[in-house]
Amino acid sequence: MYETIKYEIRDNIAYVTVSRPEALNAISTTVLTELKDVFQKIENDPEAKIVILTGEGKAFVAGADIAQMSALSGVEGHDMIKFGADVMNYMEAIDKPIIAAVNGFALGGGCELAMACDIRIASAKAKFGQPEVNLGIIPGFGGTQRLPRLVGKGMGKYLIMTAEMIGADEACRLGLVEKVVAPEELIPECERIAKTILSKAPIAIATAKRVINKGAMLDVPAGVALESEAFTVPFCSEDRIEGMKAFLEKREAEFKNR
Ligand code: CO8
């Protein structure tokens, strides 16, 4: 159905795999178009409750497609940037959690794609970097904004200005990824995390994602006001009644997404 991505749903987990291994899964406009399409599908499909995003072969995504970019005019480059940034903003805005299973190179647009996900788990083989300045450009799919928010302003500038590539352990130490696992454990670990999240109250998970993402753009009092406002959504749900009742009755809650 897609040219550059693979997509399937198993046990309510939507698996999205960027699949252009011959170009280390570089992001062309086709990849962007198909990512937008698949995340729209996921948003509207009740079967898909959480996403694991990965890359085929030895890369997660080695950046935007340099061959395609090299032929673009200034206007076309601007259009591609806007489209890519929109796709990543869209991923961040959907209610369903997205786990990046970073299996290999996550460079440039690939690192930006991982940063648009909610949680990043890396294989010990993964490598991260924003090498755009080597090509005479800056990150364009949100990297100048999301990277400093994850690793701090100084380290964000260091990584963007030096174009240094870092390994998974260093990325974890910096807060760019949450956990590093052996390569063969990557998908099982992401599935374990996905199942843990799926066992929680879905309205609470969606509200937490929204408030954390929106709040990151605000100062603390405004963010806390947003949290207070949003709190009533899960608090007024049937799942809140079930969750608290189950605790008091010393049993597992059965959430219904209501
Ligand atoms: N774009 C296109 N092709 C790529 C890319 C890429 N980003 N990365 C790798 N490839 C291709 C190679 O050209 C090669 O193709 P071929 O076999 O036909 O020669 C194939 O993938 C395998 O790559 P290598 O032989 O280079 O593999 P190595 O293991 O030797 O090296 C590296 C792996 C280190 C990842 C190396 O491929 C590399 O440095 N790649 C480029 C990384 C990079 O600079 N990424 C940032 C791109 S810029 C960006 O992402 C900006 C985002 C904003 C978008 C702006 C839109 C206008």
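**Figure 1. Packing of helix α1 against helix α3 in the predicted model**. Helix α1 (residues 29–44) and helix α3 (residues 74–93) pack at an angle of about 25°, and their axes are 10 Å apart. The two helices are therefore roughly parallel to each other, an angle under 35 degrees being counted as such. The crossing of α1 and α3 is left-handed. On the α1 side, the contact is made by T29, L32, T33, L35, K36, F39, Q40 and E43; on the α3 side, the residues are M80, F83, G84, V87, M88, Y90 and M91. By class, this contact of α1 with α3 has 9 nonpolar, 4 polar and 2 charged residues.

**Figure 2. Packing of helix α9 against helix α10**. The angle between α9 and α10 is about 165°, with their axes 10 Å apart. That makes α9 roughly antiparallel to α10, since angles over 145 degrees are classed in this way. The crossing of α9 and α10 is right-handed. From α9, the residues I203, A204, T207, V211, K214 and G215 take part in the contact; they meet G223, L226, E227, A230, V233 and P234 in α10. The residues of this contact of α9 with α10 divide into 7 nonpolar, 3 polar and 2 charged.

**Figure 3. Helix α9 and its buried residues**. Helix α9 spans residues 202–215 and has 14 residues. From its first C-alpha to its last, α9 reaches 20 Å, close to the 20 Å expected at 1.5 Å a residue. The buried residues of α9 are I203, A206, T207, K209, V211 and G215. They pack against α3, β5 (98–102) and α10 (220–235). An α-helix has 3.6 residues a turn, so residues three or four places apart point the same way.

**Figure 4. Two residues other than glycine with positive phi, D11 and L24.** Most residues other than glycine have a negative phi. D11 has a positive phi of about 50° and lies in the loop between β1 (5–10) and β2 (13–18). With a relative accessibility of 63%, D11 counts as exposed, because the cut-off for that class is over 50%. Phi of L24 is also positive, near 50°. L24 is placed in the loop between β2 and α1. At 27% relative accessibility, L24 counts as partly exposed.

**Figure 5. Surroundings of T17 in strand β2**. T17 belongs to strand β2. Its relative accessibility is 16%, so T17 counts as buried, the cut-off being under 20%. Leaving aside neighbours within four places in sequence, T17 is in contact with T4, I5, K6, T54, G55 and E56.

**Figure 6. Surroundings of K49 in the loop between α1 and β3 (50–55)**. K49 is partly exposed, with a relative accessible area of 39%. The C-alpha atoms of K49 and N12 are separated by 5.4 Å, although these residues are 37 residues apart along the chain. Apart from neighbours within four places in sequence, the contacts of K49 are with N12, K96, P97 and L198.

Methods:
Residues numbered from 1 in each chain as written. Predicted model: local features only at pLDDT ≥ 70, side-chain atom pairs only at ≥ 80, totals over all residues. Heavy atoms only, no water. Axes fitted to C-alpha atoms, helices over the stretch in contact; angles between N-to-C directions. Helix = DSSP H or I, 4+ residues; strand = E, 2+ residues; numbered from the N terminus. Parallel < 35°, antiparallel > 145°, perpendicular 65-115°, else oblique. Left-handed = near helix turned anticlockwise from the far one by under 90°. Contact = heavy atoms within 4.5 Å. Nonpolar A, V, L, I, M, F, W, Y, C, P; charged D, E, K, R; others polar. Buried < 20%, exposed > 50% of the residue type's maximum accessible area, 1.4 Å probe, protein only. Expected span 1.5 Å × (residues − 1).
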